[in-house]
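Thank you all for coming. I would like to talk through a few aromatic contacts, and then one helix, so please have the structure open in front of you.

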Amino acid sequence: MVNSEHFQKAKKLIIAFHKKLEGAGKHQITQVLGQFCAPDMLWRGFHPFNQLSGSAQVGDRFWQPLKHSLAHLQIREDILFAGQNSLRDEADIWVVSMGHLMGLFDQPWLGIRPTGKLTFLRYCAFYRIAEGQIVETAMYFDIPHLMVQAGQNPFPPQTAMHVVQPGPRTHDGLLIAEQPIEEGQKTLTVINAMIADLGQWNSGLSLEDELAQSWHDDMLWWGPEGIGATYTIERYAKQHSGPFRAAFTNRSKTNHICRLAEGHYGGFFGWPNFTAIPTGGFMGMPATGQTGEFRVIDIYRRDGDKLAENWIFIDLLHFWKGQGVDILERSTGIETP
């Protein structure tokens with residue numbers, strides 16, 4: 001039987017993993033990954049990394065190049081929680097970590113020019129834990145957000161705001177201590193209600209009234225680069241949700257791999273979460289009429305009976321690659337797979 005003791009052990013494992021990984025030198029990364037991760041670990045990341053198999057491949061292709069480029073890398077965590085995957089009946093324990101990978105951008109990464117300055121890479125990782133090891137990871141990160149910091153903006157002007165995004169307003173996102181089970185259940189209930197309201201686009205209500213069912217009026221939506229961050233229901237509807245719905249048709253049903261909550265925090269990811277067809281202009285680019293995939297992580301903070309903050313990671317490089325536009329190649333001159 002899964003209980004809070006299992007969640008505490010899983011969180012301690014990830015805390016230890018991050019500490020060792022942060023302090024690892026170039027030739028120690030493989031050893032650290034081998035200590036904490038299963039040899040056949042499944043790792044899902046944003047384009048151009050996509051899906052990797054095994055801790056050795058993850059080290060070679062992602063962590064070693066990144067730590068070479070971002071000198072003195074720190075894992076600056078804003079949110080940490082754990083729980084049972086609500087989409088499965090059997091024991092399926094996950095730990096969620098969100099924040100920034102921070103370092104000095106001293107060497108090129110993915111063709112992005114180094115600045116020699118402090119740089120932040122937004123990240124969120126879902127870790128599935130089994131028998132004391134990480135056996136599956138979804139690690140999503142905002143590469144375009146880093147590109148803007150480096151002076152290589154890959155997108156047209158966005159509808160919302162570019163900022164280096166903070167953690168929760170309440171500064172209580174690191175759930176190191178055990179949390180009341182009923183609080184996590186409340187959070188999951190609100191998230192599920194929001195998905196039911198917003199996932200169909202056919203409630204019959206105005207967009208703002210629809211949002212008000214599950215969101216506080218002063219909601220904060222920390223969106224990905226290319227869309228940006230926005231504040232209040234009215235501005236969120238104007239600066240993202242309204243334009244997004246106007247740009248797409250034939251939205252598929254929501255398809256998540258994992259959805260969980262602990263305390264006042266919760267979230268989910270999919271691979272992809274949904275598909276939709278761009279039939280109107282999106283992000284300043286014309287419609288293609290081709291089905292596009294949206295790989296997304298959403299992290300939420302609940303306040304009372306509604307949602308107050310939302311951090312969103314969308315693989316826009318993958319989406320546009322599927323539409324025939326290689327954003328990285330166009331911005332850096334380096335072709336991606």
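Let me begin with Arg295, whose charged end sits over the ring of Trp271 at 3.8 Å from the ring centre, where sitting over a ring requires NZ of Lys or CZ of Arg within 6 Å of the ring centre and within 35 degrees of the ring normal. Arg122, in turn, lies over the face of Phe313, 4.2 Å from the centre of that ring.

I should say that this is a predicted model, in which local features need pLDDT of at least 70 and side-chain atom pairs count only at pLDDT 80 or more, while totals for chains, interfaces and linings use all residues. Residues are numbered from 1 along each chain as its sequence is written, and side-chain values use heavy atoms, leaving out hydrogens and water.

Turning to ring pairs, rings of Phe, Tyr and Trp (its six-membered ring) pair if their centres lie within 6.5 Å, with planes under 30 degrees apart counted as stacked, over 60 as edge-to-face and the rest as tilted; by this rule there are 32 aromatic pairs. Phe17 and Tyr127 are edge-to-face, because their centres are 6.0 Å apart and their planes stand at 85 degrees. Phe17 belongs to helix 1 and Tyr127 to strand 5 (residues 118–130), so this pair ties together parts 110 residues apart in sequence; helices (H or I, at least four residues) and strands (E, at least two) are DSSP runs, numbered from the N terminus.

Finally, helix 1 (residues 4–23) has end C-alpha atoms 29 Å apart, which agrees with the 28 Å expected for its 20 residues at 1.5 Å a residue, the expected span being 1.5 Å times one less than the number of residues.
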